[in-house]
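Reader: I am new to reading protein models and would like to go through this one step by step. Could you show it, and then take my questions in turn?

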Amino acid sequence: MKLKVIGVAVVHATHQASQLAVLPDGGWLVPFHLAAIPLALFRPRLAMAVVAGLGAIQCALMFPRTANHLYLGVAVSLLLALLLTGDEEDERQLKLSALALPLIVFAWSGVQKALHGYWFQGQLLAWTMVARDDVAFVARPMLDDAVAKHLGGLDRHVDGSGPFRLNGTWLFVSNGIWLAELFSPALAAVAFIRARLWWLLLVGLWAIQLVAHEWQFALLFTNVLTIPASQKSQRLLRPLILLALVVLTFARAVNAGWLPLVIR
Amino acid sequence: MTRRRRAAFAVLAFVAVWPAVATVLQLGFDVDPWKLMAFGMYAAPARRPEDFAVTLTARRGAAWELLELPEETERFIRRRYTLGRLVSLADLVERALESSEVDEVRAELQQFRLDASTARVVLRREVVERRR
């Protein structure tokens with residue numbers, strides 16, 4: 001139990017510290033965040049309370065361009081500060097919260113996609129393939145020549161440029177994504193799935209990252225989703241998350257242009 | 001349920017309910033769905049400062065001239081492309097009117113957006129004019 005408590009807090013404190021690599025005015029927060037990491041080894045709840053406060057400052061410094069993973073980082077810090085006691089009932093609530101939080105985010109993400117209407121004809125996927133080099137890099141091998149040629153001729157800064165649409169399998173994928181997100185909370189209603197939900201969500205989360213490359217968001221939720229996992233899975237996954245955070249921070253710190261998929 | 005557990009539940013409830021407020025702001029004021037914890041990442045194209053352009057022109061007597069953009073323009077764009085119409089173009093015009101000896105100021109905000117229904121890029125224009 002003790003190992004598990006330490007693990008989640010240390011990884012979360014490291015995650016919150018690693019975000020500073022992309023925060024333009026947050027340099028003075030670095031020593032406080034670094035101090036929170038060893039503190040998480042001995043006083044995990046206190047460390048999480050400190051990290052929650054520091055995270056709130058990060059949010060304020062970035063406002064209004066605050067990324068969602070910064071807000072979510074504060075929410076996770078608060079949940080850990082409140083529930084990481086080792087008490088059985090607290091642990092039960094923490095495990096439920098660890099599943100509920102990603103489901104809330106996925107469901108709202110599905111609602112927003114339906115509301116704004118950019119996924120019904122694959123418009124957002126087409127737009128992202130044009131506007132983002134890292135997405136084009138991954139998606140281009142999967143596009144047929146006609147679609148690749150069409151997208152290659154589009155420009156986001158030319159009035160009337162378009163249509164930014166996809167068809168065939170891409171249309172199925174586009175609509176499948178928002179529908180899967182919207183109805184993801186229904187998975188928790190089935191007992192058989194609920195017991196395996198953490199890794200199902202983990203697979204979904206990382207499937208999205210194959211294209212989206214939102215590493216900070218993915219690593220935050222990977223740590224959260226391993227809370228309901230078995231001790232064995234936690235012992236395997238937490239060092240991997242730590243390693244990924246170190247690689248991510250290093251790549252950003254040295255502005256590794258040779259790792260375009262990592263430094264987003 | 002202890003006070004701590006109630007507080008943890010409240011945190012979770014806030015995260016679940018707040019996006020509804022953010023959604024109202026999106027629909028009413030064109031707030032960026034990617035921001036303000038609405039969880040609308042990838043619901044619409046990400047907005048970038050280079051998609052926005054502001055021009056300020058001023059009239060002295062009968063002649064119109066292009067005004068140099070004030071320092072706060074960059075801050076205006078940064079806030080505007082996130083907070084939508086919650087950040088008013090009129091404020092920029094009024095500040096320009098106060099800080100220069102002109103009779104009238106006209107601001108035009110242009111932004112490239114993808115129209116969901118036609119799937120084509122549209123150039124949106126917003127114009128605000130103020131006279132002394």
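Reader: How many residues does each chain give to the contact of chain A and chain B?
Author: The model is predicted, so local features need pLDDT of at least 70 and side-chain atom pairs count only at pLDDT 80 or more, while totals for chains, interfaces and linings use all residues. Residues are numbered from 1 along each chain as its sequence is written, and chains are lettered from A and ligands numbered from 1 in the order in which they are written. Two residues are in contact if their C-beta atoms, placed from the backbone, lie within 7 Å. On this basis the contact takes 41 residues from chain A and 34 residues from chain B.

Reader: Which element of chain B supplies the largest share of its side of that contact?
Author: Helices (H or I, at least four residues) and strands (E, at least two) are DSSP runs, numbered from the N terminus. At least two residues each come from helix 1 (3–29), helix 2 (72–83), strand 3 (104–114) and strand 4 (121–131) of chain B. The largest share, ten residues, is that of helix 1 of chain B.

Reader: How many residues of the side of chain B that touches chain A are nonpolar, polar and charged?
Author: Ala, Val, Leu, Ile, Met, Phe, Trp, Tyr, Cys and Pro count as nonpolar, Asp, Glu, Lys and Arg as charged, and the others, Gly among them, as polar. Sorted in this way, the side of chain B that touches chain A has 24 nonpolar, four polar and six charged residues.

Reader: Is Thr23(B) buried or exposed?
Author: Thr23(B) is found in helix 1 of chain B, and, not counting residues up to four places away in sequence, Thr23(B) touches Leu115(A) and Ala38(B). A residue is buried if 20 or more other C-beta atoms lie within 10 Å of its own, exposed if 12 or fewer, and partly exposed in between, with C-beta atoms placed from the backbone. Because Thr23(B) has 21 other C-beta atoms within 10 Å, Thr23(B) is buried.

Reader: In what order do the helices and strands of chain B follow one another?
Author: Chain B has three helices and four strands. Read from the N terminus on, the elements of chain B run α-β-β-α-α-β-β.

Reader: Which residue in strand 3 of chain B is the bridge partner of Ala58(B)?
Author: Two strands pair if DSSP finds at least two bridges between them. Strand 1 (residues 52–60) of chain B runs antiparallel to strand 3 of chain B, with eight bridges joining them, and four bridges join strand 1 of chain B to strand 2 (residues 63–66) of chain B, also antiparallel. In strand 2 of chain B, Ala58(B) stands opposite Glu65(B). In strand 3 of chain B, the bridge partner of Ala58(B) is Val105(B).

Reader: Which residue takes a positive phi in the hairpin of strand 1 of chain B and strand 2 of chain B?
Author: This hairpin has two residues between the strands. The positive phi, near 65 degrees, is taken by Gly61(B).

Reader: What is the radius of gyration of chain B?
Author: The radius of gyration is taken over C-alpha atoms, and the globule rule is 2.2 Å times the number of residues to the power 0.38. Along its principal axes the C-alpha trace of chain B spans about 70 × 40 × 20 Å. A compact globule of 132 residues would have a radius of gyration near 14 Å, whereas the value for chain B is 20 Å.
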